[in-house]
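Here is a short report on one sheet and one residue within it. Have a look at the structure first, and then we can walk through it together.

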Amino acid sequence: SAGGLYREAIEMAAWADRRRIGLVGFSEHHVTPEGFLPAPFPMAAAVAARTRRVRISIAALLVNLYDPIHLAEEIAVLDLLSQGRFSVTLGLGYREIEYRAFGIDWADRGRRLDGNLEILLAALRGESFVRHGVEMALAPLPASPIPGLVTMGGNSVAAARRAGRSGLVFCPALDDPELVAAYHEASRSAGNGEGVLVSPNSPATTLIDEDPDRAWAEVGAFLVHHAETYGAWAHPDRRAYAEAKGRSIETLRDEGKYRILTPEEAARALRETGSLHLAPLTSGIDPRFGWKTLELFESRVEPLLA
């Protein structure tokens, strides 16, 4: 059930808090029959209450679907609840239907994001301002500095420049030298120095099993469904490392953006790339299978990293 999957995700985050896991991440989507997470803030808050060490991220958050003052309040409270372990990557979004569902003009999304971002950052800095005839200032304020609390995502030169102008860390959705150059140039021009860019470094959605052939037979259909659903949201301007072309177990497996690795392969991938994207509940995979991935990480992968 949806509630069961949410509760399992929280338990898995509590497990991650005790292991060598650096980050638990949530994204946001709306108008999906499969029920992709539409409300990441409650999930992030639940995880913050169950953990003490692991960082918690919402990436990406669809900024234009929120009132910027309300969004600043949500971010500030989560920062305080988590004692500085929370961060949010802001995104423009790439599904017009989500904008239509919230009554927001899709064609005006870039200008709207610039305006919302200006208000959001001013509120998080504690500035006083008048909005709709009401003088206000955010209270409580977040404890964390903005560069560690709010980052900017995206896959376009416009997103890179927006991040640079705003003095935000830029987290692009793919590895692209053009985006790197545009971000650093905009950051310098705005007087923000070189800025900070976090490259995704070509990650892949990963499960762990001692017998990958058997595991693909068991859960491959879930991964194919995930790839098909994400692919159906294609937009001409969207580019992301996660977008797979495969539409069968065989082609998806060969492509490598979804993978089931042995513990030894997982340890090698982690050493070579510096990160491992574990996704134990992809498309509603049976939590028992997902827990097996995590237990193998704990019992077989971590010792190889020691």
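Let's begin with a pair of side chains: those of Thr89 and Thr151 are joined by a polar contact of 2.8 Å. Bear in mind that this is a predicted model.

Thr89 lies in strand β3, and its bridge partner in β6 is Thr151. The two residues are therefore linked through their side chains as well as by a bridge between their strands. Thr89 has a relative accessible area of 10%, so it counts as buried, the cut-off being under 20%. Apart from neighbours within four places in sequence, Thr89 is in contact with several residues, among them Ile58, Ala60, Met152 and Cys171.

Now for the strands around this pair. In general, strands of a sheet pair through backbone hydrogen bonds, either parallel or antiparallel. Here five strands form an open sheet in the order β1-β2-β3-β6-β7, with parallel pairing. At the edges are β1 (23–26) and β7 (169–172), each pairing on one side only. From one strand to the next, the twist averages 25°.

The two pairings that involve β6 are set out here:

| Strand pair | Bridges | Direction | A bridge pair |
|---|---|---|---|
| β3 and β6 | Three bridges | parallel | Thr89 and Thr151 |
| β6 and β7 | Four bridges | parallel | Gly154 and Pro172 |

How is the link from β6 to β7 handed, with helix α7 in the unit? Together with helix α7 (residues 157–166), these strands make a right-handed β-α-β unit.

Note on methods
Residues are numbered from 1 along each chain as its sequence is written. This is a predicted model: local features need pLDDT of at least 70, side-chain atom pairs count only at pLDDT 80 or more; totals for chains, interfaces and linings use all residues. Side-chain values use heavy atoms; hydrogens and water are left out. Two strands pair if DSSP finds at least two bridges between them. Helices (H or I, at least four residues) and strands (E, at least two) are DSSP runs, numbered from the N terminus. Axes are lines fitted to C-alpha atoms, for helices over the stretch in contact, and angles run from 0 to 180 degrees between N-to-C directions. Buried means under 20% relative accessible area, exposed over 50%, partly exposed in between (1.4 Å probe, protein chains only). A polar contact is a pair of N or O atoms within 3.5 Å; within protein, one must be able to donate a hydrogen and the other to accept it, and residues adjacent in sequence count only if both atoms are side-chain atoms. Contact means heavy atoms within 4.5 Å. A crossover is right-handed if, with the strands pointing away from the viewer, the path from the first strand over the helix to the second runs clockwise.
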